[in-house]
Amino acid sequence: MILESLSLPGTATSLPADVATCDDCLAEIRDPGNHRYRYPFTNCTNCGPRFTMITGLPYDRPQTTMRGFAMCPQCAAEYSDPADRRFHAQPNACPTCGPAVWLAVRAAGKNGAVASGDAAVRAVQDLLRSGKIVAIKGVGGFHLACDATNVRAVGLLRSRKQRVGKPLAVMVRDVTAARAIAEIDEQERRLLEGRERPIVLVRKRAAEAVVSAEVSPGNDFLGVMLPYSPLHHLLCEEMPPIVMTSGNLSEEPIVHENDAAIQRLGSLVDAFLMHDRPIEVACDDSVVRCAAGASMPIRRSRGYASMSIGLREAGPAVLAVGGELKAAVCLAHHDQAIMSQHIGDMGNLETLDALDRTAAHLMQLFRVEPAAVAADMHPGYLSTGWARRFATDRGIPLVQVQHHEAHVASLLAEHGRPLDEMIGVCFDGTGYGHDGTIWGGEFFAVSRGLFRRAAHIAVFPLPGADASIRHPWRVALAVLHAAGLAWNSRLAPVRAAAELDLRVFKRQLDATLNCAQTSSMGRLFDAVAALAGVKQSITYEAEAAMHLEALAAGAAGDLGGYAFALEDAEPIRVGWQPVVQAVAADAIEGMPPAVIAARFHAAVARMIVDVCTRLRAQRAGETVGLTGGVFQNALLMQMTIEELHRAGFEVLVHQRVPANDGGLALGQAVLARGWAG
Ligand code: ZN
Ligand code: ZN
Ligand code: FE
């Protein structure tokens, strides 16, 4: 099949990203003598919104959401003076001619404005101080904000947003304020202060509970960010840390339009801080964390989007739609792959709509007509369904790509490496495998563009797949049962299951009723977390694994490790039974969870090196790539890299797109292109 790329001549190859307020602009808004003193939309050629306000290309003011604001003589003079810092600064604005903020309070009726300008900003500070929740329009959408030190306010925000345990991000005015609530090393400081201004996952300061525990309950980590627009700088002045979480209900996409905010966030907040600079593209905050001396992208969105990745070869235009969670789309054309901003978790119509808009936006801006569309192999994913309709409507092929192969391909693509002579290790939650089982603990020998499943975690039953994902105790009991180990009542998951559950559950496992088979490393982490007594049920993805990681990281000294059993088969089967047996024995003996966690991490790192060493002996290559959601675990990442280096391997890890499903679309696009072309 020969496909032709239909992108038109003159196509742009990248869009500028939104940039945090620069020091010069910050000095101006803090200078009482300056025309832009306390003006919330101050910007220049070095800073300000870009991606979120572009409506068309080339990037020029009439093709931005600033087209409705005619520049005053002073702004126009700056804009046209090559010597000025605001020469051709497209969002250039000032208090005379630019956008404005106002405060709207529901109690005022008809959502009318009750204050405007600086008075509105100060009124929001007062509302936050008094425990109120305010929706604040920012650069890429609305935040829901409250005082992070106010237990009641944070609890109220959680219950209104229907967000149970997942950590909430906090904004503080500067690094000094960040250091008061979290441990921040040099690399984390650089990330916090960088022009992309992501949320940085940092370790909470143990001693003082400045920030309410409700912000990230039972979690050692805290998402912290610094102000990235003049409005944020003004809001954070002389304020305690402020919770700034995406303005959405549960898993819906972030709200970015004023009317939608009133409709959809009205029941969540006490007031709105609105402004009239339209947001063309909704864009969530980005999230990063540090591991092994490098930054690990967790979510690439505002500040990074859209991101262009140079590909090794030109090829047909392909649109890839990612997976089910953390969706982001990728548009490959010529020798470029453009990654969209974060869209969200599929599973509701709003996110599907957002996927639709994001794909249309990229195709329109880059003037690309895809010759094929790529999606996950999972038959039940909403994104796959969307891609199928897209393919039918346009009469183009749909290429379905195996989940974990796509993860590996995305890793290679971001490093500009060929799909050749390497070992791809993909440890993940769940993904549809070629054999109909649920994969997630995979080793691929990649050679000349082809993937061979060279090793995998031995399969275990996942009783009622969705229920098992929410309740690690179910996975723990399933692996005990599968390993022929007793359900000892001293084990936490056994105690977590009610008497009736246990009997019903045993019958289900005996009969393998509604039991999927899985090789998922993510689920194995869940099982171990449950056995160690750390977490029996979870409210957000990877919650149990994060707890296990934090415990292991806090354990001191060399505690040894459990040992997986490698069965010589084709593919090599990685037996988890001895590990589960040892974990259960330790737990029954009353070994502290931190020790079990540390031993398990050591076992996984050791096993990766052992398997890779065997595969190297089979001439699979000297390079190992680590990908999949499990590798957001900084400790596991660090231990594995160290051991692989010691064994003489070259190691590739994600630096540009996330190891989780947020990076999936890039790999899908690259693979679909190879097969379709
Ligand atoms: Zn500036
Ligand atoms: Zn002006
Ligand atoms: Fe995945």
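How are the donor residues of the zinc ion (ligand 1) spaced in sequence? They follow the pattern C-x2-C-x18-C-x2-C. This is a predicted model.

**The zinc site**

Four cysteines bind through sulfur. The protein donors of the zinc ion (ligand 1) are Cys-22 (SG), Cys-25 (SG), Cys-44 (SG) and Cys-47 (SG). They lie 2.3 to 2.4 Å from the zinc ion. The angles among the 4 donor atoms run from 102 to 121°, and the site is tetrahedral. For comparison, the ideal angle for four tetrahedral donors is 109.5 degrees.

**The domains**

The protein is divided into four domains, listed here with their residue ranges.

| Domain | Residues |
|---|---|
| domain 1 | 23-80 |
| domain 2 | 101-275 |
| domain 3 | 294-418 + 661-676 |
| domain 4 | 456-603 |

**Where domain 1 meets domain 2**

The centres of domain 1 and domain 2, taken over C-alpha atoms, are 24 Å apart. Domain 1 brings 11 residues to the contact, and domain 2 brings 12 residues. Together the two domains bury about 1,000 Å² between them. Carbon and sulfur atoms give 61% of that area. On the side of domain 1, three residues stand out: Arg-38, Pro-40 and Phe-41 supply 58% of the area that domain 1 buries against domain 2. No other three residues supply more.

Polar and charged links also cross this interface. There are 2 salt bridges between domain 1 and domain 2. Arg-38 also forms a salt bridge with Asp-118, side chain to side chain, at 2.7 Å from N to O. In addition, 4 residue pairs are in polar contact across the interface. The residues of domain 1 that touch domain 2 comprise 6 nonpolar, 3 polar and 2 charged.

How values were computed
Residues numbered from 1 in each chain as written. Chains lettered and ligands numbered in written order. Predicted model: local features only at pLDDT ≥ 70, side-chain atom pairs only at ≥ 80, totals over all residues. Heavy atoms only, no water. Domains from an automatic or database assignment. Contact = heavy atoms within 4.5 Å. Buried area = accessible area lost by both parts, 1.4 Å probe. Salt bridge = Lys/Arg side-chain N within 4 Å of Asp/Glu carboxyl O. Polar contact = N/O pair within 3.5 Å; in protein donor to acceptor, adjacent residues only side chain to side chain. Nonpolar A, V, L, I, M, F, W, Y, C, P; charged D, E, K, R; others polar. Donors = N, O, S within 2.8 Å, 3.2 Å for Na, K, Ca; no water. Tetrahedral: all angles 85-135°; square planar, octahedral: opposite > 155°, others 65-115°.
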